[in-house]
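Open the model in your viewer and keep the selection panel at hand. We will make a few stops, one selection at a time.

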Amino acid sequence: MQQRATTRDCPYNTISICRGNPTRKPLCEMIYLKKLYFMNNYNLKIIILSSTILTTAVCVLSAILVWLLYETAFEGQQERLVETAQSEARLIEAIAHFYAKHNPCDLPGGTFAVTLSQIIDAHEHYKGFGETGEFTLARREEEQIVFLLRHRHFDLENPQPVPFQSHLAEPMRKALLGQSGTMIGLDYREERVLAAYEPVPILNIGIVAKIDMAEIRAPFIRMGWIAMAITLLIIVVAVWAFLRIVDPIIIRMIKTKTYLRTILEHSNQLTERLSSIVDSLPVIPYTCKREEYFAATYVGKNIKEVTGYETEEFVSDAYFWVNNIHPDDVERVFKNIQAEYHEYRFKIANGSYKWFGDTVHLIKEADGRITHRAGVLQDITERKLAEEKLRDNETRLSAILENMVDGVITIDENAIIESFNPAAEHIFGYSADQVLGKNLNILMPESYRSEHCLKLIGVGKEVVGQHKDGSIFPLDIAVSNIRLDNRLKFVGIVRNITERKQTERLQKEYSQTLESEVFERTQELREAREAAETANRAKSVFIATMSHELRTPLNGILGYAQILKMDSSLGPDQQDGIKIIEQSGKHLLTLLNDILDLAKIEAGKIEINKSHFHLRALLREISEMVHIRAEHKDIFLIYDPHDSLPNCVYGDEKRLRQVLINLVGNAVKFTDKGGVTFKVGVLANHKLRFQIEDTGVGIAPEQLQDIFNPFQQVGDKTRQAEGTGLGLAISRHLIELMGSQLEVTSQLGEGSTFWFELVLPEVINFKKEINNNPTRWKIIGIKNEKPTLLIVDAQSNNRAILVDLLSPLGFETIEASDGREALAKAFEFQPQAILTDLFMPEMDGFELTRQIRQSLKDIVVIAISASVFEEDQQKSLAAGCHDFLPKPINAKQLFEQLQRHLVIEWIYEEVPSLIVSQAPLVPPPQETVVSLYELAMGGDVRAVEERVSQLTDEQFVPFVAKMQDFINNLQVDDMCDWLESYKTA
């Protein structure tokens, strides 16, 4: 018994001391009470807090002391570095001045080399300072810092050069920039150093005295750690001594009434801890009075996170809680105010409402009198929204099930029916009350029940159902399983497919009847398709043959027309006749090209090839081209581009040019009075609107769609003879390929408007190559060496055209009638270029090019062919041709290709200007001259040309003509000098 009592009086780990030895009970109590003192009393906290404050104070004082010492040492080190750098700089300047004054010429290497040599000799025995102290000299050579001297513990090896603009050698870079001072930065080793830098202007060198920041800080860091260690040791000893001294006092305090006070204080701490725990709960605790509309006396601090209100707003205003309850909920809450739980909406700080769940508890005195109400508020907004959404979903699901055409049946894992929608009632003839709670077998024929029970669940298939009247009918059923409340449920969707089965039977019978007819019809369609393909192939062969055969004579007509145009001995009448021949040939060529384009469009062989191009230049070129035709008809042509029209865009320049020339040209052709307006507008999302308006003959409403048909022209018969009737058809197809539509409005006798919109993204910083050939000069010869050309063609007429065109300019020409002869002459004469036809007997141009490429790789090969289909051009380039030129030959294109590939420099004869003005040269306003000068100085010739084109006033005609001469001849320097004379005037 004694042993049990002793054990009971000695809790925790003192039981082993007291067990079996009653005399040790006082010691046991002392140990236990001391543990309770330190575990439950605030004295332990006071000791820990005092120790912490003391430790912190000592550490802070130690840190401040170490920092002050560090700052003092840092400033001393900084002054020493400055003194070193400045003294060395002055010494070097003195030496340099001395040698520059007394021995400027006799010394090898000059003053700089001798001074540097003296400095290096003087520093050979320099011991430096510190572990990392260093003194360096360097100079700037181009974009590098080259080190001339380095002293670091007798280490005289100079560092590698450092790029001047790098992040390394920051102090030396400042010295070489002529600055002096101190800084903390990176040296050439990428180490952070304290450095003093000083320039030596007389030698263009820099001086840096530096020491690593790590070395400066190291002793003070060690001092700080030592001070902290000593401080902690002193505190530990002091705490231990304090505990040893106060032990008797602690024991006496525990044996007195202080024990109760300690327990009370511990209880207060627990209360505070409990309060903090309550404040961190996800619910909001509160207390309130029963009077004054339940004025709050305490509200948890987390009320602000939920409502946005401060705690004081609830406590200071007795009506705050009541006034913020939703008006629709106030009566309900106060009607049942004694309830232990309420749900209501409460207005929060932002003006909206949240749902709260309010759990209430009554606080009573000993006599049973209720003094306060305590409770917790919980934000249940999400739950309320979820409940509302669930109710909506249930309502929606119920409505869906009620109105579904298919029957929906749910059963449990024992095949007991749990739900039966109206569609299922209609299908099976039972009401829901008649089948709920019964086995699914009630809906199946007797002979099929075992099969249904074994194979139906989870599988969608065609089965057989039984009506209430006993009739059997086919069903389409899909079954899926779900798990609710850990119970397996099955949902089946059924559909009566009696009508479908009957339809399938009829369809099967009908399909058998139609099968033979379909087979016969298929045979007929196959034969028709083969016939159409044969006709298309024949059409393609015919068009290709026609194109080749027509281009061959046209090559002679247009070729000699161009040759004769360059003959200055012909009179005006002859020149007019040649011009008529050339215009007629070009008209025939245009008709041929239009037919080919239409054939390609119908065959789906035309593709849109997008690239960067200068839009403003293209539009200006088209307007200038058609403007001449408008002047001949004595009508106006207005080109009206939008101010924000982009300079350069991304699209198909070739096809856009073709469409615009066609539309603007048609407008001029069908207009006799008034004129044509060509507008280009800017829409959103990189979209441009092209619109051509004319005051011409117009089109009748019933003929608007006919104008887009091939070879279809409407209106005046005399005007129809002027065109082919293909332009609008081709233009519409091309615009559709570019992703738009060609629109038209017209009124007979008043004019027409054509427009379309294209997406042409703007290209920034695009520079187009400017043609170096002057537009007002004629080629009459070749400078320097005369190239040798080998001309290969099976027809002598075609060879003669090229010979007559090129020989007068100085080219040496050699002729060959087929590829085999051309290959032999190429080896014999080694020409600089070969102009060859592609289709020839013996050896064609493709094989000739391939063999030339194997042996004579440097010879330029240009294919010249009447076959202008894309596949032939690509085939010629793949064989090794440098370029392709279609027949009829365009002399300008031929000259451009020869100049590009042979690097030819032409000799020009200036063509007399069409406009001779005797008016004085009047410059535009000063701001325009300054703008032109700045653009010219920047080399932006295209921008200069655009700006000059805007000077439309007649008084500026001589100025514009002069500027145009500079632009055509690319005399940018002369242009700048000329503009500068007007700019400064």
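This is a predicted model. Start by selecting residues 636–641, strand S18, together with residues 675–682, strand S20. The two strands pair in the parallel sense, and six bridges join them. Now pick out Phe636: opposite this residue stands Gly675 in S20.

Keep S20 on screen and add residues 687–694, which form strand S21. Do S20 and S21 pair in the parallel or the antiparallel sense? Antiparallel, over seven bridges. For a marker on this pairing, select Thr677; Glu693 in S21 stands opposite.

Next, follow the chain from S20 into S21. These strands form a hairpin, with four residues between them. Stop at Asn685 in the turn: this residue has a positive phi of about 60 degrees.

Now for a pair of helices. Select residues 615–632 for helix H19 and residues 941–949 for helix H29. They pack with their axes 11 Å apart, at an angle of about 45 degrees. An angle from 35 to 65 degrees is neither roughly parallel nor roughly perpendicular, so H19 is oblique to H29. The crossing of these two helices is left-handed.

Which residues of H19 and H29 meet? Show the side chains of Arg616, Ala617 and Arg620 in H19. Then show Arg942, Glu945, Glu946 and Ser949 in H29, which they meet. Colour this contact by class: five residues are charged, one is polar and one is nonpolar.

Definitions and conventions
Residues are numbered from 1 along each chain as its sequence is written. This is a predicted model: local features need pLDDT of at least 70, side-chain atom pairs count only at pLDDT 80 or more; totals for chains, interfaces and linings use all residues. Side-chain values use heavy atoms; hydrogens and water are left out. Axes are lines fitted to C-alpha atoms, for helices over the stretch in contact, and angles run from 0 to 180 degrees between N-to-C directions. Angles under 35 degrees count as roughly parallel, over 145 as roughly antiparallel, 65 to 115 as roughly perpendicular and the rest as oblique. A crossing is left-handed if the near helix is turned anticlockwise from the far one by less than a right angle, and right-handed if clockwise. Contact means heavy atoms within 4.5 Å. Ala, Val, Leu, Ile, Met, Phe, Trp, Tyr, Cys and Pro count as nonpolar, Asp, Glu, Lys and Arg as charged, and the others, Gly among them, as polar. Two strands pair if DSSP finds at least two bridges between them.
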